[in-house]
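Subject: Structure handover

Hello,

Here is the structure we talked about. Please load it first, then read my notes below.

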Amino acid sequence: INEDADAISITVTNIQLSDIDGSTPKHIRILAAEGAVINDDILLGNTGSLILVSNGTVSISLTPEANRTEDVSLTYAVVDPLISALNSLPAIIKIPITAINDALVIGMLEETLVYTEGDSDVALASRLTLNDVDSPSVYSAKVTIDNFQTGDVLKVAATHPLISSDYAKANGVLTLSGVADVNVYQDMLSAVLFSNTSDNPSTEERKLTISVTDTDQTQGLGVAGETTSMTLSVGVSSTNDAPIVTLTQLSATFDEGGAPLSVVGTDNVVLSDADDSWLSGATLSISSGYLVGEDSLAVATLPDGISALFSNLSGSLTLVGRATLAEYQTALSAITYANSSEAPSTIARTLSLVVVDDKGQSSNAINVELSVNGTVDAPDLDLNGVANGTDNSVIFVKSLYPAGVAIASNAQL
C-alpha cells in the first residue's frame with residue numbers, strides 16, 4: 001500500500017488453518033495493529049471481533065497512519081473452532097508501505113501589504129513558514145507577479161551560498177534555485193521585497209504567487225518533488241510628482257533703450273511632469289536686484305485659459321489658469337523684461353521661475369541671471385533756455401553795450 005493511502009482492503013490468500021482436535025478453525029482475531037487503524041468497527045484484542053476466513057482468504061479494511069513509511073504490523077491469533085474464547089499463540093503479518101513524497105506546507109500570517117511610490121521596498125512574506133514532514137530540503141522556489149505592471153521589481157534582501165536568484169524583469173518572475181535546507185528557503189523567501197521604479201506607477205493591486213518545490217526523498221536528494229503554492233496581494237499607492245522646469249539659457253542681457261527682452265526665450269524652456277500633463281500656474285519674479293518703477297515684466301499674447309498679472313510692488317509676474325504643459329511653455333516664452341529709466345541701474349538682476357501642477361505641487365525654482373547695460377546719452381544744449389521758448393534773438397547796440405552783450409544768457413545744458 002502507498003503512504004497516506006485512504007482506507008484500503010487488504011486480502012490474504014492461501015490461508016491454511018488447523019486444530020489438533022480435528023475441527024478446522026474458521027476465524028481469526030486481530031490482537032493489535034501497529035501503524036494503521038482497522039476499519040469496519042472491528043474490535044481488537046484477545047476478545048476482539050471474529051474475522052471469517054473463507055476458502056483460505058480473509059479481507060481486512062485498514063487505513064495507514066499519516067506519513068508512515070514503515071511496515072504496518074498486524075498481530076493476530078487463530079480462534080478455536082469449538083471454544084471461541086480460546087486463541088492460538090499470536091503471529092504477525094507485516095504489510096509494506098511504499099513511501100510517497102509529501103508536498104511541503106506553506107504558512108503565513110495574514111497582513112496588509114501596501115507599497116507607496118518612492119518609499120521603502122515592501123517585504124512580501126516576512127511571516128512565511130515552510131514545513132515538510134518527509135523532506136528536510138527544498139529544490140527551488142518562485143515568486144510571480146501574476147498581473148505584472150511596468151516598473152515592478154522583486155529582489156531578495158538576503159544571500160546564501162547554496163541559492164542563486166534571478167529576476168525576469170520582462171514578466172515579473174523571481175526564481176530561487178539550488179537545493180538547500182527548508183529553513184534556508186524560509187529565510188530567503190521572507191526577505192523577498194517588492195517595489196516599483198516608475199514615477200507614475202499603476203495603482204492596480206498586484207496579485208502574486210509563491211511556489212515552492214521540495215526534494216523527493218524517495219528518489220534522491222537532488223530530485224525535484226512536489227510543488228506547493230500560495231497567493232497574496234500588494235496594494236500600490238502613487239504620489240504626486242512635482243513638475244520640472246528646464247532652461248537651456250540661464251543668462252540674458254538688456255541694453256538701455258532697447259526693445260523688451262524675452263527673458264525665458266523661445267524654445268529655451270522645457271516643462272515636464274511624470275504623472276500630470278496639466279499646470280495651474282507659474283511665477284516669474286525678479287527675486288534679486290528689483291527696482292520699483294524701473295524694472296517690469298509683461299506678456300503680450302497668452303494661450304486660451306491663461307491670464308497674467310504683474311505686481312509692481314514685488315516684481316513678480318504671475319500666470320494663472322489650467323492649461324497643458326505645452327501651453328505654459330508658449331506663455332513663458334512670451335514673457336519680456338523692460339526698463340523704463342534713461343539712466344537704469346546696472347546692478348545684476350536674478351529672475352526666478354516656478355510652475356505649479358494641477359494638484360498644487362510646485363516645481364523646482366530655476367534662475368536666470370539678467371545684466372542691464374546703460375548707454376552714454378549725448379548732451380542736449382538749449383541756447384534759448386526752457387523758460388524763454390524758442391527762436392529768441394539778441395540785438396547789440398554798441399553805445400548801449402560798450403563791453404558787449406551775452407548772446408545766450410539763458411542757455412541750459
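Phenylalanine 254 is buried, and tyrosine 337 is buried as well. Keep in mind that this is a predicted model. Searching the whole structure gives two aromatic pairs.

One of them joins tyrosine 115 and phenylalanine 194. Their centres are 5.8 Å apart and the planes meet at 90°, an edge-to-face pair. This pair links distant parts of the chain. Tyrosine 115 belongs to strand 9 (residues 114–116) and phenylalanine 194 to strand 16, with the two positions 79 residues apart in numbering. Both tyrosine 115 and phenylalanine 194 are buried.

The other is phenylalanine 254 with tyrosine 337. Why does this pair count as edge-to-face? The planes stand at 85°, and over 60 degrees is edge-to-face. The ring centres lie 5.3 Å apart. Again, distant parts of the chain are linked: phenylalanine 254 is in strand 20 (residues 251–255), tyrosine 337 in strand 27 (residues 335–339), and they are 83 residues apart.

Next, asparagine 196. It sits in strand 16, which covers residues 192–196. Is asparagine 196 buried or exposed? Its relative accessible area is 6%, so asparagine 196 is buried, the cut-off being under 20%. A polar atom of its side chain lies 3.1 Å from the backbone oxygen of threonine 150. Leaving out residues up to four places away in sequence, asparagine 196 touches Tyr115, Thr150, Gly151, Asp152, Pro201 and Arg206. Tyr115 in that list is also the ring partner of phenylalanine 194.

There is a charge over a ring too. Which residue sits over the ring of tryptophan 278? The charged end of arginine 322 does, 3.9 Å from the ring centre.

Last, a sheet. Four strands make an open sheet, ordered 4-2-6-7, with antiparallel pairing. Strand 4 (51–52) and strand 7 (91–95) are at the edges. Each has a single partner strand, so one side of each lacks a neighbour in the sheet. Strand 2 (residues 27–34) pairs with strand 4 in the antiparallel sense, over two bridges. Within that pairing, isoleucine 28 stands opposite isoleucine 51 of strand 4.

Best regards

Notes
Residues are numbered from 1 along each chain as its sequence is written. This is a predicted model: local features need pLDDT of at least 70, side-chain atom pairs count only at pLDDT 80 or more; totals for chains, interfaces and linings use all residues. Side-chain values use heavy atoms; hydrogens and water are left out. Buried means under 20% relative accessible area, exposed over 50%, partly exposed in between (1.4 Å probe, protein chains only). A polar contact is a pair of N or O atoms within 3.5 Å; within protein, one must be able to donate a hydrogen and the other to accept it, and residues adjacent in sequence count only if both atoms are side-chain atoms. Contact means heavy atoms within 4.5 Å. Rings of Phe, Tyr and Trp (its six-membered ring) pair if their centres lie within 6.5 Å; planes under 30 degrees apart count as stacked, over 60 as edge-to-face and the rest as tilted. A charge sits over a ring if NZ of Lys or CZ of Arg is within 6 Å of the ring centre and within 35 degrees of the ring normal. Two strands pair if DSSP finds at least two bridges between them.
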